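Reader: I'd like a close look at one small part of this chain, taken slowly. Start with a single spot, tell me what sits around it, and then follow the leads to other places that show the same sort of feature.

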Amino acid sequence: MIDPKQFFEENFITEGMDQLIRIAFDRFQRKNDTALIKLTQAMGGGKTHNMVTLGLLAKYPEFRNQVAESGINIGYKDKISVISFSGRESDAPTGIWGELAKQLGKFDEFSEYYSGLLKAPGETAWINLLQSDEPLLVLLDELPPYYEDAKSKPIGNSDLSVVTTTAMANLFSAVTKRELGNVLVVISDLKATYEGGSGAVSDSLKNLENESNRISIDLAPVKVNSIEVFRILSKKLFESTGDQKNIEKVAQSYAEEIRKAKQMGITYASPEEFAEQAKLTYPFHPSIKDLYYRFKENPGFQQTRGLIRLMRSLVMSVYSNQRKGEPIYLLSAQHFDFNHSNTFNILNQINSSLNNAISKDIASSGSAVAEELDRLAQNTFHTEVAKLVYFSSLSLVPSAIKGLGESDIVQFIVRPGIDFSGIRQSILPSLRSNCWYMHLDREGKYLFKDTQNLVAKLNSLTSSYRQEDAQKIIEDQLKEIFKVSVGDVYQKMEVFTPWTEIEIQHDKVSLIIKEPFSSSGVSEEVNEFYSEQTFKNRVLILTGEIAGMEALRSSAKNIKAIEYIIKELKEAKVPESDLQFKEAVSLKDTYYANFYSACRETFTKLIFPTKERLSATDISMDFSQNNYNAESQIRNTLLREKKLEEDIDSDTFRLKCETRLFAGQEMPWTEVKKRAAILPIWQWHKPEALDRLKDRLIRNHIWRENGQFIHKGPHPKENTSVQIQEIARDDSTGAVQLNIRELHGDTIYYDFGADPTPQSRKVTDKSRFESSELEVRFLCVDSNGNHPTGSVVVWKNRITLKKEVIRQNSSTLVTLKAIPKGEIRYSTDGSDPKELGGAYSAPFLVSKKCRVLAIAEANGISSELLSFDIEPGKEEGFVIDKQQPLVYAKRVKLDSTEDVYKVLQLMAKYNVILDGVEFTVSKQSNALEYINTKASRNKKFKANELVSDIDYMRNKWQPEEQTSVTVKIDELHFAKGEDFNSFLAESPLDYEPGDIRQ
């Protein structure tokens, strides 16, 4: 039995209810022609509640003033009869009309329609039954269940549902007649129900719906798309919701937080619009309205009644003892307690397909994914966001809107007093990379589905991986993150290598990355390893917090799994535009970001050698802006700690080197560098810094090099000397042009056959000194007396041996000549001319075939051995075999830069191999400044290799200085004789038979 007083205290007059009451009481007073009102709403949408409201007002005149505060003034004071039928009374033996007749006290008068077989009353019968001076309200609710049962009850050749349809159609027609002008029939909408019923029942209900549509007006009891829903909730769930001033304050506080979020670029919501909405929905968050609209059409969900039940569970949760003191200003979806059985049961009724999403991802007494993430982060954001996304995913209606974008999530979750900056950067990526049932749609919205996502597959994979698999991933990633780039801090890496397998080298600093130790500072095992090392100043250790290793291993397994999944997708030829592929790539980015974050949290301690001991310092790596090169961050840390030195070109660096690395005035350079590797006091620098320092100081005469030793000074004055370069030689006379340069002096004296003195002749043209002597001696003197006079420098000419062969009848006359001079010895029997040959004094005749061997010698200088064959009577000449290799043994001299490049280019064309190469690069402005390079015999070059060497030497001076190049080559080697012939045709060279060998 309904208590009218209590009912009206909790009742809220909706716009639809207002219309229903006004129309009904006008009808009762015969002021309108509306005989039938159909309440249109989905199940649980307030139809029954509106019928009860109207029925109580009709039956109890004393309560009609209860609606006056809503502006409804019911002037009619008389009592109104009310009869009703609920389709839940499916076992009514006399049908709907029998029950209505019984309530009117006319059961017996109407008995002809239910004694025996049930019959449908006609229009007149209905008029006779209902006609009265007293107004009458007829309420027909929930007829579909009745029809479902009636279909199974046969009546003659038909069934009760057909008879009932006829009876109802006649009733609807009867109430339109003048006699029943004060009778109103109110019926609930049938459409939403019969669309889901069996075929036969649906047809019956559809027929009845069509009959009612002809004469009824439709009213929606509650506009679920309006603010009325919140008014009903407030009336039902709260005695009072506070004054308007407090509501305004709360709305503006939230709006201010949304304004901040909008300025941060993480939401697009309008603060002003939110504030207006919050005032209307208070004490509920406006997001409730958005989320409710998404699932209100779910099959079986009672739109108003179901929402009240759902929100009652929210209020119960918020006002529970466990949540006392929690600052909640607007009730929102994230405040539901999913772990409470009542809430879970209600959610299960709305959409049971997402139960796995709740238990696995959202709430499971602390063990769900979001709850675990909250515990680690020490906040509640993961669970709150997950709940919001869950409610946005509840719809079961095809093509319904599901999911929330990042902007919506931020708008729904911001509130005064919280830091929401990490929602997009941290919370959402964490949920996406850990939840099993959370998905991203094509628009980038987050939603829950009843199918597992990539994360579920990924978690299945990661659970199958061993620790060794994770370790390998970590090692590979650390090698990439800490790879050597600049190379002035460390040059070698050892990642998780056992101490016994680490080899410290004298010329490389080793970065040793070790799993964190349980102890703080420098551990005992590190000190033990360090004490055993010879090259102590080549040890650098990175370690840190042992607590971070678990997160690092977990991230490594995730990386391995997502890489495998992406590989599978590629092998399956899934396009990169596919949503799943995009999600996999997005997860990959997230997992790598998690790995870098875990690295930053794990490796926080850098250990390096100092003067007295190993020292430890904190390092905080920053991987922002996709910069994953940690070398620079170690570099900056060691610069701060003064262990790394960048100033390697100053005099300060020289003084440090001389003070700390030299044990005496002179040391082997290898020992100096070894001390840099041994002494912890020595700072680190670029690996080449010491060699660059040495080269620069030697070049500037600050240090001196004596073989393998370096003398750091102070130095005695260097002795004078002479540097000699042969510029040109006339092979027909032996005359030579020399370029002579004084060292540490200013005057050069020379003599022949005896050591020169200051009384000897002076060299006047140092750049073009000419002589055909076999030996010239030079002495350099510093006329200022700053440098002591050094030793005499002896230059020796070379002897070349020429031949001339002239045929004389059956004999051959051979003439030999030594240039510039020399005693010639020769043989014609193949014996060594130097030991067994005869002295040559004049041309000699050869009368039979033989091989002539000859050599010239003077002043200890010997020519090269001359060898040639003679066959008297045969024309002199040499036939080149085109297919056999050939050696051109005549010395090639190229005295101009133009000839050098032209001839070398031609040699490269025919793949000529050069033997006995010497080249000189000199400044055009000062020929005394030159670089001379001479390769030993049997060291062979290709022409293009020689060009590269020449260019390298020239670039040392150019473009500041123009240079000249000369080249001498002892022999040219051709692969085939025909190549020599082709080369000769294009080159300026010539030959005599004795100049070539095959």
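**A loop proline and where it leads**

Author: Let's start at Pro283, which is in the loop between helix H12 (271–281) and helix H13 (287–295). Keep in mind that this is a predicted model. What kind of peptide bond runs from Tyr282 to Pro283? A cis one, with omega near 10 degrees.

Now step back into helix H12, where you'll find Ala275. Is Ala275 buried or exposed? Its relative accessibility is 3%, so Ala275 counts as buried, the cut-off being under 20%. Ala275 also has a partner from another stretch of the chain to look at: Glu256 is 19 residues away in sequence, and the two C-alpha atoms are 9.1 Å apart in space.

There's some charge to follow here as well. Glu276 and Lys279 belong to a network of salt bridges, and Glu248 is linked in with them. By their numbers, Glu276 and Lys279 fall within the 271–281 range of H12. As a general point, side chains of opposite charge can pair when their charged atoms come close.

That network is part of a bigger tally, since the structure holds 54 salt bridges. A few others are handy to pull up on your screen. Arg323 pairs with Glu326, and their closest N and O atoms are 3.1 Å apart. The two ends of that pair have different surroundings: Arg323 is buried at a relative accessible area of 16%, while Glu326 is partly exposed at 37%. The cut-off matters for this pair: buried means under 20%, so Arg323 makes it into that class.

Two other pairs join residues with consecutive numbers. Arg600 bridges to Glu601, with 3.8 Å between the closest N and O atoms. Arg600 is partly exposed at 29% relative accessibility, and Glu601 is partly exposed too, at 49%. Partly exposed runs up to 50%, so Glu601 still belongs in that class. Then there's Arg640 with Glu641, whose side chains meet in a salt bridge at 3.4 Å, N to O. Glu641 is partly exposed, at 31% relative accessibility.

What about charges outside such bridges? Glu524, Glu525, Glu528 and Glu532 form a negative surface patch. Glu524 is located in helix H23, which covers residues 524–531. With a relative accessible area of 68%, Glu524 is exposed. In general, an α-helix has 3.6 residues a turn, so residues three or four places apart point the same way.

For a contrast with that exposed glutamate, go to helix H14, residues 303–318. Why call helix H14 largely enclosed by the rest of the structure? Because twelve of its 16 residues are buried. Among the buried ones are Leu307, Ile308, Leu310, Met311, Leu314 and Val315, and the list also takes in Gly306 and Ser313. H14 reaches 22 Å from its first C-alpha to its last, close to the 22 Å expected at 1.5 Å a residue.

Back to the backbone, where our starting proline has a counterpart. The peptide bond from Ile819 to Pro820 is also cis, with omega near 5 degrees. This time the proline is in a loop between strands: Pro820 sits between strand S26 (811–819) and strand S27 (823–827).

If you're collecting backbone oddities, add two residues with positive phi. Ser399 has a phi of about 60 degrees although it is not a glycine. You'll find Ser399 in the loop between helix H18 (381–391) and helix H19 (406–413), and at 82% relative accessibility it counts as exposed. Phe496 likewise has a positive phi of about 60 degrees without being a glycine. The setting of Phe496 is the loop between strand S10 (492–495) and strand S11 (510–513). Is Phe496 buried or exposed? Buried, with a relative accessible area of 13%.

One last stop is Asn797, in the loop between strand S24 (793–796) and strand S25 (800–808). Asn797 is a loop residue that counts as buried, at 4% relative accessibility. As with Ala275, there's a contact to trace along the chain: Ser772 is 25 residues from Asn797, yet their C-alpha atoms are separated by 7.7 Å.

Technical notes:
Residues are numbered from 1 along each chain as its sequence is written. This is a predicted model: local features need pLDDT of at least 70, side-chain atom pairs count only at pLDDT 80 or more; totals for chains, interfaces and linings use all residues. Side-chain values use heavy atoms; hydrogens and water are left out. Patches are made of residues with over 30% relative accessible area and no salt bridge: like charges are joined within 9 Å, nonpolar side chains (Val, Leu, Ile, Met, Phe, Trp, Tyr) within 5 Å. Accessible areas come from the Shrake-Rupley method with a 1.4 Å probe; for residues, only the protein chains shown count as cover. A salt bridge is a side-chain nitrogen of Lys or Arg within 4 Å of a carboxyl oxygen of Asp or Glu. Lys and Arg count as positive and Asp and Glu as negative; His and the chain ends are not counted. The place of a charge is taken as NZ of Lys, CZ of Arg, CG of Asp or CD of Glu. Helices (H or I, at least four residues) and strands (E, at least two) are DSSP runs, numbered from the N terminus. Buried means under 20% relative accessible area, exposed over 50%, partly exposed in between (1.4 Å probe, protein chains only). The expected span of a helix is 1.5 Å times one less than its number of residues.
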